[in-house]
Amino acid sequence: MRRSTVPAAVLAAVSTVSLGVLTAAPAQAAEYHSALKIRGVQYDAPGSDSNSCTSGNTDEEYLTLKNYSKTATINLKGYVVKDAAGNRFTFTAGHSLQPGDYVRLRGGHGTDSDAKNVVYRDNCNFLWNNDKDTIHLYKPSGPASDSHAYSRSAHDGDRDGYIGFHG
Ligand SMILES: [Ca+2]
Ligand SMILES: [Ca+2]
Ligand SMILES: [Ca+2]
């Protein structure tokens, strides 16, 4: 029996549909049984990047972590975030996230605030690459809490420097 051939036009249409679905899906969905997840990342701070501590825009690069539990409060103390190159930040101070609460981990220096949902890395260098990177989140005792790989070309459809992973 002769194999049926699919017309090129049909293949092209199928490919387009598949790409559409892929674009809408979260970038690399590695699911862990943890309530604290990476909600999204402003991996490219708006404007020209400068890591000057006085006039730079490192504070406009941030990672948003959210507590997706409906009942449990999570203390960020001891949690670790790490990029693909192994650069890391450890939450050394206590910061409670009530159910549904979030925090933005920003570069640069500032005053950490529960009310303003912000923690600063106290480092003026950028952490998340503008082309592609992988974000790892670890629990205080070491196991992975969440992880997402991204690339500007594949996951940032509107090219605004922000990619969302969880709703
Ligand atoms: Ca960046
Ligand atoms: Ca920028
Ligand atoms: Ca975007």
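What follows is a short walk through the fold of this protein, with its two sheets taken in turn.

The model is a predicted one. The chain has 167 residues, and 25% of them count as buried. Its secondary structure comes down to two helices and 11 strands. Read from the N terminus, the run of elements is α-β-β-β-β-β-β-β-β-β-β-α-β. Taking contacts between residues at least 6 apart in sequence, 60% link residues at least 24 apart.

One of the sheets is open and made of five strands, lined up as S8-S7-S2-S1-S11, with mixed pairing. The edges belong to strand S8 (118-120) and strand S11 (162-164); each has a single partner strand, so one side of each goes without a neighbour in the sheet. Going from one strand to the next, the twist averages 25°. At the S8 end, strand S7 (residues 102-106) pairs with S8 in the parallel sense, with three bridges between them. Here Arg104 has Val118 of S8 as its bridge partner.

The other sheet to look at is also open, with four strands in the order S5-S4-S9-S10 and antiparallel pairing. Its edge strands are S5 (88-90) and S10 (144-151), each of which pairs on one side only. Leaving direction aside, neighbouring strands in this sheet are turned by 10° against each other on average. At the S10 end, strand S9 (residues 132-138) runs antiparallel to S10, and seven bridges hook the two up. Leu137, for instance, has Asp146 in S10 as its bridge partner.

Note on methods:
Residues numbered from 1 in each chain as written. Chains lettered and ligands numbered in written order. Predicted model: local features only at pLDDT ≥ 70, side-chain atom pairs only at ≥ 80, totals over all residues. Pairing = 2+ DSSP bridges. Axes fitted to C-alpha atoms, helices over the stretch in contact; angles between N-to-C directions. Buried ≥ 20, exposed ≤ 12 C-beta atoms within 10 Å, placed from the backbone. Contact = placed C-beta atoms within 7 Å.
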